[in-house]
Amino acid sequence: MIGFSRLSARFRLSPHAHLWAGLSTGAREEGGALYEFRTYQIRPDRSSAFLELTNEKIHLRTAHSELIGYWSVEYGALNQVFHIWKYDSFGHRAAVRAALAQDERWIAEYIRLALPMLTCQSNHVAALLPWSRIGAPPRHGGAFEWASFRTLPGAAALWAAPRGDSATCGDARLLAAFRSDIGHLDTVYTLRWFESADERRRLESHAAVAPGLGLLRSRKTKVMFPCSFSPLK
């Protein structure tokens with residue numbers, strides 16, 4: 001069965017976990033890419049207008065840096081979008097933000113119109129786990145699950161230690177796994193793909209109690225659908 005049991009087994013307590021101790025503090029291997037997770041809460045009466053505007057103008061933003069994926073959250077939050085951006089370093093991100101601040105079209109055609117539609121924004125920064133890569137789903141569409149697993153202080157290295165084949169480990173739906181760098185520390189994030197929200201529910205309902213739960217303080221999920229302009233879809 002593919003569900004939380006397999007996903008947690010994917011990150012089980014390992015006899016070699018001490019080799020991964022840097023994960024518990026959010027330390028990032030030198031030269032590794034970083035990923036910014038951005039969450040926007042949209043005014044309920046402006047959700048459709050915001051998505052239409054973003055669809056029309058996202059090319060102005062992607063001219064500056066790489067967009068990994070952009071989703072509309074369906075379950076776990078309302079009137080919310082979630083997107084992931086890739087940067088080479090914090091210096092690269094700072095340069096991109098500086099360039100955006102000087103991009104007159106971006107400011108006039110998007111920011112000026114979009115900001116009044118939002119009620120709040122938040123971001124976190126993370127890096128891929130050493131054994132993880134960002135994979136593509138087997139087909140376009142489907143439902144994406146974003147999950148966060150917050151461990152006991154210092155326990156993320158133990159909980160996220162790899163087991164077996166680092167490519168799948170029994171969970172072919174796992175597209176990427178990250179560990180926190182800035183934001184909620186001691187947190188592992190996963191992105192999974194399912195044929196539908198019903199398939200996810202069916203698989204999760206049959207999942208057995210997983211090992212390693214004693215290391216977790218909390219876990220939270222949301223189910224999202226990709227926007228038409230999302231690279232991952």
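Q: What do the buried residues of helix 4 pack against in this predicted model, and what makes that a contact?
A: They pack against helix 2, strand 2 (66-75), helix 3 and strand 4. Contact means heavy atoms within 4.5 Å, so each of these elements meets that cut-off with the buried residues of helix 4.

Q: Which residues of helix 4 are called buried, and why?
A: The residues are Trp106, Tyr110 and Ala114. Buried means under 20% relative accessible area, so each of the three falls under that limit.

Q: How do you know on which side of helix 4 the buried residues lie?
A: The arc is taken from the directions that run from the helix axis to the C-beta atoms. The buried residues cover an arc of only 40° around the axis, and therefore they lie on the same side of helix 4.

Q: What makes Glu104 and Arg112 exposed, and where on helix 4 are they?
A: Exposed means over 50% relative accessible area, so Glu104 and Arg112 both exceed that value. They are on the other side of helix 4.

Q: Why are strand 1 and strand 4 called paired?
A: Two strands pair if DSSP finds at least two bridges between them. Strand 1 and strand 4 have eight bridges, so they satisfy the criterion, and their sense is antiparallel. Arg38 stands opposite Asn123 in strand 4.

Q: What makes strand 4 and strand 6 (residues 174-182) a pair?
A: Four bridges join the two strands, which run antiparallel. At least two bridges are required, so the criterion is met. In strand 6, Phe178 stands opposite Leu128.

Q: How many residues line the second largest pocket, and what makes them lining residues?
A: The second largest pocket holds about 300 Å³ of space. Its lining has 20 residues, with Arg38, Tyr40, Arg97, Trp106 and Ile111 closest to its centre. A lining residue has an atom within 4 Å of a point of the pocket, so each of the 20 meets that condition. Helix 4 gives the most to this lining, with five residues.

Q: Why do Trp106 and Ile111 count as nonpolar, and how does the lining of the second largest pocket divide by class?
A: Trp and Ile are among the residue types that count as nonpolar, so Trp106 and Ile111 belong to that class. The lining divides into 14 nonpolar, three polar and three charged residues.

Q: Which residues lie nearest the centre of the largest pocket, and why are Lys220 and Lys222 classed as charged?
A: His124, Trp146, Ser148, Lys220 and Lys222 lie nearest the centre. Lys counts as charged, so Lys220 and Lys222 fall in that class. By class, the lining has five nonpolar, 11 polar and four charged residues.

Definitions and conventions
Residues numbered from 1 in each chain as written. Predicted model: local features only at pLDDT ≥ 70, side-chain atom pairs only at ≥ 80, totals over all residues. Heavy atoms only, no water. 1 Å grid on protein atoms, 1.4 Å probe; cavity = no way out; pocket = protein on both sides within 12 Å on 5 of 7 lines; lining within 4 Å. Points joined across faces, edges and corners; volume = space filled by probe spheres on them. Buried < 20%, exposed > 50% of the residue type's maximum accessible area, 1.4 Å probe, protein only.
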